[in-house]
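Load the model in a viewer and keep the selection tool at hand. The stops below go through one chain and then the other.

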Amino acid sequence: MRPRSSTGTTRTGTTRPVVASLAVLAVAALSACGARVDAAGDGSSASASAGCVDTSGDGVKIGFLNSLSGTMAISEQTVHDALRLAADEINAGGGVLGKQLEIVSEDGQSEPTVFAEKATKLVTSDCVAAVFGGWTSASRKAMLPVFEANDSLLFYPVQYEGLEASENIFYTGATTNQQIVPALDYLKEQGTKTLFLVGSDYVFPRTANKIINAYAEANGMEVVGEEYAPLGHTDFSTIVNKVKAAGADAVFNTLNGDSNVAFFKEYNNAGLSADDMPVVSVSIAEEEVGGIGVDNIEGQLTAWNYYQTVDSPENDAFVEAFKAEYGEDRPTSDPMEAAYTSLYLWKEMVEKAGSFDVADVQEAADGVSFDAPEGTVVVDGENHHVAKTALIGRIGDDGLIHTEWSSEEPIEPDPFLEGYDWADGLS
Amino acid sequence: MSQSTSTLTARLAVLVRPGRSRALAGFGLAAVLLLAVAPVLLSPFRLGLLGKFLCLAMVAVGIGLAWGRGGLLTLGQGVYFGLGAYLMAMHLKLADAGPGGVPDFMMLYGTGEVPGWWEPLRSPVVALALVVLVPAALAAVLGWAVFTRRVRGAYFAILSQALAAAFAILLIGQQQTTGGTNGLNGFRSFFGYDLADPVNQRMLYLVAAGVLLVMVVVARQLMTSRFGEVLVAVRDQEDRVRFLGYDPAAVKTAVYVVAAVMAAVGGALFVPIVGIISPADVGVVPSIGFLVGVAIGGRATLLGPVLGSIAVSWAQTTMSEQFPSGWIYLQGALFIVVVAFLPGGLASLVTTWRRRRPAREDEPGTPATPDAAAAPDAADLLPEGSRA
């Protein structure tokens, strides 16, 4: 600033009073509060807003928190629909403890930060009795501190990577020993010796693959390759070439979302097929099969705990009710069924406890069961997961998934894989 | 909330015109509203939201300087916001873990050991210093390298955006040490204060409000200083400024560093107030999101970026509560309308309105005030390099 402006000096005078008044205000504001601040660790962390749930009227509020916009909307909207169906059914049947459910719906916008914000709103502002929703691990991790700090309840309906058991979350999707481990058991049974791992680059695939590597080592299988693509990645020629060159017996696929479309197209282009190198996917359900294209994925395997084709009176009723509500062309899938089930499980817990109070519900949770579309599920009061039957399915030409193999009976949830010697070093 | 916000907007619009006593009165009013009225009227949850908006507005103040005044269309402020936020978050994680402790996510996904480059952040003093120094140093090096090579206009915009994309991908790829897509969250304390305590949450809000007010004062000082005039000159006629003996690269680097530091401080305060930082908050989309509020408010004015940013964040939250999947269309439509019909942002409405009034004795028809003179015309909205 070599040349001087002749007007430069006169202007600076104005800001001095501004700065002074600001400083006075700031100091006044801060000192007024400073005295009331509590030091961390003195046990005063109980939130003032805990327990604002109002159950005095004819209704009780519950929150649905799903991404209705953003990249996850296509998946989470289906969960939202299933939750609404369950709420309508429960209300038609007289509600919970005689109270009608009043739904407060919020959009997580596919962003963890928004999930945290909206969860805070539902719990502290709307004072809901419980929240149902979340899909990605990131969204669950973002919400967890909110529910723990405010001591309220979240029901999370999606299979996930395990290694978690919060007092304030009920996990109604599968943990790893109910989905990934059975899938590996199945592959082992089929004589698979070598595996290639393909996944999206985030927490679930990385953790799943850590487990798969440990399992393979203990069971005489070999992981011949492990590749990650960024979420939303659509160019799979390099990865598929590596898969082809490795010549594994099977591929374990933990890709998420759009990437699956590109991956399976490339897989077929490379001349690979379900017959000579089957792909086991853990994130492809009925909803996604249509998006990927039945032609691209027919004959490939999936691992879940529920398929639309499950043969039971409960499932027939669920599928029929869902189609009647949302249209004949809408399939039902595992996360939808787990969400639908989660609302009924909460109802059972509340009615067993005779109260909407969080502590009472937690107390009553152990052993609560529900005859879900997937079969009878039972809540484990210790780790807040549910016992579920593992199903390996094959994708048919009708776009549905047909059970190929079943664990026959419900597998007790073991989120930290404590019952498996080979998993010792994992958590 | 809506009532107090609209009052705030209406009263502060006065400030867009830098009449001296009015500026002081308007600023005093803003300070009273933010520091005294809002904490009383708003519920703890709404106050926390306002605190978050104020953090985002800090980024907007910097963008207002760099883009509105300096013509640097920076599409990558998420990098600096993210650096500030992650450095703060790393410190909070280490503080929660206790002396020599390991943050919880590293036990789950990492090696169970704290990497060496995390260690310095155990110290609160070092952490606070790095929150400012790291973004400033990166902006200085990058700015100097880019601006001395006379990279400008659309090329600079693309480069800054690529930087934001790369930063987000880097964070996602380093799950063991950065938390990956999950980001960092679950903070329990902030420099020894319990974050679950509503009193402390309000204190954090007040800190954010105070810091934002200081930034506005700094921005005003810079805008009305000789540096601010050279900055506008560089924006409008870089070559002529060079012929006059100035170094445009130095001027641009300086304003880029200031904008980076403001974004970083906003990020550092965002973390304890919101309780989470993840790659989704620092990548390309949020970086562009920062720009939307600035453009809508009026990028070349003092308060346009702040008010625009707060208004857009507030509208986004309110709309998404009412119409969960519809707000994004409204935001896009508003952006298009403003860019097409009000290139100076909503703040230019004030100027237009004032011009149409019968001229008073101190206001000749021509815009004589620095802010009005600096308001960009339609051609300005294009990146400078794309102009003839």
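Two helix axes count as oblique when their angle is neither under 35 degrees, nor over 145, nor from 65 to 115. The model on screen is a predicted one.

**Stop 1: a helix pair in chain B**

Select residues 77-97 of chain B, which form helix α4, together with residues 248-274, which form helix α12. Their axes come within 7 Å and cross at roughly 40°. α4(B) and α12(B) are therefore oblique to each other. The crossing of α4(B) and α12(B) is right-handed.

Now show the side chains at the contact. On α4(B), pick out residues including B:Tyr80, B:Phe81, B:Leu83, B:Leu87, B:Met88 and B:Leu92. On α12(B), the contacting residues include B:Ala259, B:Ala260, B:Ala263, B:Ala264, B:Phe270 and B:Pro272. Glycines take part from both helices, among them B:Gly82 and B:Gly84 of α4(B) and B:Gly266 and B:Gly267 of α12(B). Colour the contact of α4(B) with α12(B) by class: 17 residues are nonpolar, five are polar and none is charged.

**Stop 2: chain B as a whole**

Zoom out to the full chain. Chain B contains 17 helices and four strands. Of its 388 residues, 53% are buried. Taking contacts in chain B between residues at least 6 apart in sequence, 79% join residues at least 24 apart.

**Stop 3: one valine**

Select B:Val214, which sits in helix α9 (residues 198-224) of chain B. Is B:Val214 buried or exposed? B:Val214 is partly exposed, because 16 other C-beta atoms lie within 10 Å; the buried class starts at 20 and the exposed class ends at 12. For a distance check, add B:Val40: the C-alpha atoms of B:Val40 and B:Val214 are 22 Å apart, with their positions 174 residues apart along the chain.

**Stop 4: two domains of chain A**

Move to chain A and colour it by domain. Domain 1 takes in 59-174 and 312-387, while domain 2 takes in 176-309 and 389-423. The centres of these two domains of chain A, taken over C-alpha atoms, are separated by 26 Å. Where they meet, 28 residues of domain 1 are in contact with 26 residues of domain 2.

Which elements of chain A each supply at least two residues to the side of domain 1 that touches domain 2? They are α3 (73-92), α13 (334-353), β12 (375-379) and β13 (386-387). α13(A) gives the most to that side, with three residues. By class, the residues of this side of domain 1 are eleven nonpolar, eleven polar and six charged.

**Stop 5: a second helix pair**

Keep α3(A) selected and add helix α12 (residues 313-326) of chain A. The axes of α3(A) and α12(A) come within 11 Å and cross at roughly 105°. That makes α3(A) roughly perpendicular to α12(A). A:Asp81, A:Ala82 and A:Leu85 of α3(A) make the contact with A:Ala321, A:Phe322, A:Glu325 and A:Tyr326 of α12(A). This contact of α3(A) with α12(A) has five nonpolar, no polar and two charged residues.

**Stop 6: helix α9 of chain A**

Finally, select residues 259-269 of chain A, helix α9. Its buried residues are A:Ser259, A:Asn260, A:Ala262, A:Phe263, A:Phe264, A:Glu266 and A:Tyr267. The elements covering the buried residues of α9(A) include strands β6 (194-200), β7 (222-229) and β9 (279-281) of chain A. Helices α8 (237-246), α10 (286-292) and α11 (294-297) of chain A are also among the elements that cover them. Just after α9(A), stop at A:Gly271, which takes a positive phi of about 85°.

How values were computed: Residues are numbered from 1 along each chain as its sequence is written. Chains are lettered from A and ligands numbered from 1 in the order in which they are written. This is a predicted model: local features need pLDDT of at least 70, side-chain atom pairs count only at pLDDT 80 or more; totals for chains, interfaces and linings use all residues. Domain bounds come from an automatic or database domain assignment. Two residues are in contact if their C-beta atoms, placed from the backbone, lie within 7 Å. Ala, Val, Leu, Ile, Met, Phe, Trp, Tyr, Cys and Pro count as nonpolar, Asp, Glu, Lys and Arg as charged, and the others, Gly among them, as polar. Axes are lines fitted to C-alpha atoms, for helices over the stretch in contact, and angles run from 0 to 180 degrees between N-to-C directions. A crossing is left-handed if the near helix is turned anticlockwise from the far one by less than a right angle, and right-handed if clockwise.
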